[in-house]
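This report describes a ligand site, an aromatic pair and several loop residues in turn. Please keep the sequence and the model in view while reading.

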Amino acid sequence: MKRVMILNGPNLNLLGVREPHIYGTTTLAQIEESCGQAAARLDLKIAFHQSNHEGVIVDLIQSARQEADAIIINPAGFSFTSVAIMDAIKTFEGPVLEVHISNIHARDEYHRHSRISFVATGVICGLGPYGYIAAMQAIAQMK
Ligand code: CA2
(Lines give C-alpha, C1' and ligand atoms only; values in the text may rest on other atoms or scores of the structure.)
Protein backbone atom coordinates (compact mmCIF):
# COMPACT_ATOMS: atom_id res chain seq x y z
CA MET A 1 0.00 0.00 0.00
CA LYS A 2 1.45 3.40 -1.02
CA ARG A 3 1.94 5.89 1.81
CA VAL A 4 1.03 9.50 0.99
CA MET A 5 1.88 12.50 3.13
CA ILE A 6 -0.59 15.36 2.57
CA LEU A 7 0.78 18.72 3.70
CA ASN A 8 -1.12 21.98 4.06
CA GLY A 9 0.54 25.32 4.61
CA PRO A 10 -0.31 28.50 6.49
CA ASN A 11 -3.87 29.70 7.05
CA LEU A 12 -5.45 26.65 5.42
CA ASN A 13 -6.82 25.85 8.89
CA LEU A 14 -9.15 28.81 8.18
CA LEU A 15 -10.67 27.26 5.06
CA GLY A 16 -14.43 27.47 5.00
CA VAL A 17 -14.34 30.09 7.74
CA ARG A 18 -12.82 33.16 6.03
CA GLU A 19 -12.83 34.41 2.41
CA PRO A 20 -15.32 31.78 1.10
CA HIS A 21 -15.62 33.77 -2.17
CA ILE A 22 -12.02 32.78 -3.01
CA TYR A 23 -11.48 29.45 -1.24
CA GLY A 24 -15.05 28.10 -0.89
CA THR A 25 -16.97 26.88 2.11
CA THR A 26 -15.36 23.47 2.61
CA THR A 27 -13.32 23.23 5.80
CA LEU A 28 -9.91 21.58 6.05
CA ALA A 29 -11.48 18.93 8.33
CA GLN A 30 -13.95 18.10 5.54
CA ILE A 31 -11.09 17.87 3.03
CA GLU A 32 -9.24 15.52 5.38
CA GLU A 33 -12.41 13.42 5.68
CA SER A 34 -12.85 13.12 1.91
CA CYS A 35 -9.15 12.31 1.48
CA GLY A 36 -9.61 9.52 4.04
CA GLN A 37 -12.57 8.13 2.07
CA ALA A 38 -10.63 8.34 -1.20
CA ALA A 39 -7.63 6.64 0.40
CA ALA A 40 -9.80 3.64 1.31
CA ARG A 41 -11.08 3.40 -2.29
CA LEU A 42 -7.62 3.85 -3.84
CA ASP A 43 -5.76 1.60 -1.39
CA LEU A 44 -3.53 4.45 -0.14
CA LYS A 45 -2.40 5.16 3.42
CA ILE A 46 -2.48 8.88 4.16
CA ALA A 47 -0.98 11.11 6.84
CA PHE A 48 -2.69 14.54 6.76
CA HIS A 49 -0.97 17.61 8.26
CA GLN A 50 -1.41 21.38 8.42
CA SER A 51 1.12 23.85 9.77
CA ASN A 52 1.49 27.60 9.82
CA HIS A 53 5.25 27.20 10.34
CA GLU A 54 7.75 26.84 7.50
CA GLY A 55 10.26 24.84 9.58
CA VAL A 56 7.60 22.34 10.63
CA ILE A 57 6.75 21.76 6.97
CA VAL A 58 10.45 21.30 6.15
CA ASP A 59 10.72 18.76 9.01
CA LEU A 60 7.67 16.88 7.73
CA ILE A 61 9.08 16.73 4.18
CA GLN A 62 12.35 15.39 5.58
CA SER A 63 10.46 12.76 7.60
CA ALA A 64 8.58 11.77 4.44
CA ARG A 65 11.89 10.44 3.11
CA GLN A 66 11.39 7.50 5.48
CA GLU A 67 7.64 7.60 6.06
CA ALA A 68 6.01 8.23 2.68
CA ASP A 69 6.14 7.11 -0.94
CA ALA A 70 4.56 10.31 -2.28
CA ILE A 71 3.76 13.84 -1.12
CA ILE A 72 0.76 16.02 -1.88
CA ILE A 73 1.40 19.59 -0.79
CA ASN A 74 -0.65 22.76 -0.75
CA PRO A 75 2.09 25.14 0.36
CA ALA A 76 -0.42 28.05 0.45
CA GLY A 77 1.42 31.37 1.00
CA PHE A 78 4.80 29.61 1.22
CA SER A 79 4.41 28.65 -2.46
CA PHE A 80 5.64 32.06 -3.49
CA THR A 81 8.39 32.60 -0.93
CA SER A 82 9.91 29.43 0.42
CA VAL A 83 13.30 28.36 -0.89
CA ALA A 84 13.55 26.14 2.23
CA ILE A 85 10.46 24.11 1.28
CA MET A 86 11.64 23.98 -2.33
CA ASP A 87 15.04 22.64 -1.21
CA ALA A 88 13.43 20.06 1.10
CA ILE A 89 11.24 18.78 -1.74
CA LYS A 90 14.33 18.33 -3.91
CA THR A 91 15.63 15.79 -1.38
CA PHE A 92 12.48 13.63 -1.65
CA GLU A 93 12.81 10.91 -4.26
CA GLY A 94 9.13 10.06 -4.87
CA PRO A 95 6.45 12.05 -6.68
CA VAL A 96 5.41 15.41 -5.24
CA LEU A 97 2.10 16.84 -6.39
CA GLU A 98 1.41 20.50 -5.65
CA VAL A 99 -2.27 21.33 -5.14
CA HIS A 100 -3.98 24.71 -4.98
CA ILE A 101 -7.70 25.02 -4.37
CA SER A 102 -7.96 28.22 -6.39
CA ASN A 103 -6.57 28.83 -9.89
CA ILE A 104 -3.39 30.67 -8.98
CA HIS A 105 -2.89 31.64 -12.65
CA ALA A 106 -6.12 33.62 -12.66
CA ARG A 107 -4.95 35.74 -9.75
CA ASP A 108 -2.63 38.71 -9.35
CA GLU A 109 0.98 38.64 -10.52
CA TYR A 110 2.30 37.71 -7.06
CA HIS A 111 0.13 34.58 -6.84
CA ARG A 112 1.12 33.25 -10.27
CA HIS A 113 4.70 32.14 -9.63
CA SER A 114 5.03 29.25 -7.24
CA ARG A 115 8.63 28.34 -6.38
CA ILE A 116 7.35 24.90 -5.47
CA SER A 117 6.17 24.27 -9.04
CA PHE A 118 9.83 24.30 -10.15
CA VAL A 119 10.45 21.11 -8.16
CA ALA A 120 7.00 19.44 -8.13
CA THR A 121 6.29 16.40 -10.27
CA GLY A 122 2.90 17.89 -11.16
CA VAL A 123 0.62 20.78 -10.26
CA ILE A 124 -3.17 20.82 -9.88
CA CYS A 125 -4.96 24.10 -9.34
CA GLY A 126 -8.41 25.58 -9.66
CA LEU A 127 -10.39 22.40 -9.02
CA GLY A 128 -11.38 23.35 -5.49
CA PRO A 129 -10.99 20.69 -2.78
CA TYR A 130 -11.37 18.00 -5.46
CA GLY A 131 -7.76 18.81 -6.41
CA TYR A 132 -6.59 16.75 -3.42
CA ILE A 133 -8.60 13.73 -4.64
CA ALA A 134 -7.32 14.18 -8.20
CA ALA A 135 -3.76 14.20 -6.83
CA MET A 136 -4.45 11.00 -4.87
CA GLN A 137 -5.87 9.34 -7.99
CA ALA A 138 -2.76 10.32 -9.95
CA ILE A 139 -0.49 8.87 -7.27
CA ALA A 140 -2.52 5.65 -7.07
CA GLN A 141 -2.01 4.95 -10.77
CA MET A 142 1.72 5.83 -10.86
CA LYS A 143 4.09 2.86 -11.23
O1 CA2 B 1 -5.72 28.09 -3.59
C2 CA2 B 1 -4.94 27.63 -2.76
O3 CA2 B 1 -5.04 26.50 -2.30
C4 CA2 B 1 -3.81 28.53 -2.25
O5 CA2 B 1 -2.66 27.73 -2.01
C6 CA2 B 1 -4.28 29.17 -0.97
C7 CA2 B 1 -3.29 30.20 -0.43
C8 CA2 B 1 -2.94 31.23 -1.49
O9 CA2 B 1 -1.91 32.08 -1.00
C10 CA2 B 1 -2.47 30.57 -2.75
O11 CA2 B 1 -2.29 31.58 -3.72
C12 CA2 B 1 -3.47 29.57 -3.28
C13 CA2 B 1 -3.84 30.95 0.76
C14 CA2 B 1 -4.30 30.07 1.83
C15 CA2 B 1 -4.98 30.93 2.86
O16 CA2 B 1 -6.14 30.28 3.23
C17 CA2 B 1 -7.11 31.03 3.74
C18 CA2 B 1 -8.29 30.40 3.97
C19 CA2 B 1 -9.34 31.10 4.47
C20 CA2 B 1 -9.19 32.44 4.78
C21 CA2 B 1 -7.99 33.06 4.56
C22 CA2 B 1 -6.94 32.36 4.04
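A pocket is, on a 1 Å grid over the protein atoms alone, an open set of points with protein on both sides within 12 Å along at least five of seven lines, and a molecule sits in a pocket if more than half of its atoms lie within 2 Å of its grid points. By that reckoning, the ligand sits in the largest pocket. The model is predicted, and for this reason local features need pLDDT of at least 70 and side-chain atom pairs count only at pLDDT 80 or more, while totals for chains, interfaces and linings use all residues. Residues are numbered from 1 along each chain as its sequence is written, and side-chain values use heavy atoms, with hydrogens and water left out.

**The ligand site**

There are 18 residues around the ligand, and Asn74, His100, Ile101, Ser102 and His111 come nearest; a residue is counted here if one of its heavy atoms lies within 4 Å of the molecule. Three side chains make polar contacts with the ligand, that is, pairs of N or O atoms within 3.5 Å, as the table lists.

| Side chain | Ligand atom | Distance |
|---|---|---|
| Asparagine 74, polar atom | oxygen | 2.8 Å |
| Histidine 100, polar atom | oxygen | 2.8 Å |
| Serine 102, N or O atom | oxygen | 2.6 Å |

Taken alone, the ligand exposes 500 Å², of which the protein buries 93%; these accessible areas come from the Shrake-Rupley method with a 1.4 Å probe.

**The aromatic pair**

A pair of aromatic rings is described by the distance of the centres and the angle of the planes. Rings of Phe, Tyr and Trp (its six-membered ring) pair if their centres lie within 6.5 Å, and planes under 30 degrees apart count as stacked, over 60 as edge-to-face and the rest as tilted. A search of the whole structure finds one aromatic pair. Its members are phenylalanine 80 and tyrosine 110, which are tilted, with 6.0 Å from centre to centre and 45 degrees between the planes. The pair links distant parts of the chain, 30 residues apart, since phenylalanine 80 is in the loop between β3 (70–74) and α4 (83–90), and tyrosine 110 is in the loop between β4 (96–100) and β5 (122–125). Helices (H or I, at least four residues) and strands (E, at least two) are DSSP runs, numbered from the N terminus.

Are the two partners buried or exposed? Buried means under 20% relative accessible area, exposed over 50%, and partly exposed in between (1.4 Å probe, protein chains only). Phenylalanine 80 is buried because its relative accessible area is 10%, whereas tyrosine 110 is exposed because its value is 52%.

**Loop residues and a helix residue**

Asparagine 11, in the loop between β1 (2–8) and α1 (20–23), has a positive phi of about 75 degrees although it is not a glycine, and with a relative accessible area of 51% asparagine 11 is exposed. Aspartate 43, in the loop between α2 (28–42) and β2 (44–50), likewise has a positive phi, of about 60 degrees, without being a glycine; at 47% relative accessibility, aspartate 43 counts as partly exposed.

Leucine 15 lies in the loop between β1 and α1 and is buried at 4% relative accessible area; its C-alpha atom is separated by 6.5 Å from that of threonine 26, eleven residues apart along the chain. Leucine 14 lies in the loop between β1 and α1 and is partly exposed at 36%.

Isoleucine 85, in helix α4, is buried, because its relative accessibility is 0%.

Terms used
Polar contact = N/O pair within 3.5 Å; in protein donor to acceptor, adjacent residues only side chain to side chain. 1 Å grid on protein atoms, 1.4 Å probe; cavity = no way out; pocket = protein on both sides within 12 Å on 5 of 7 lines; lining within 4 Å.
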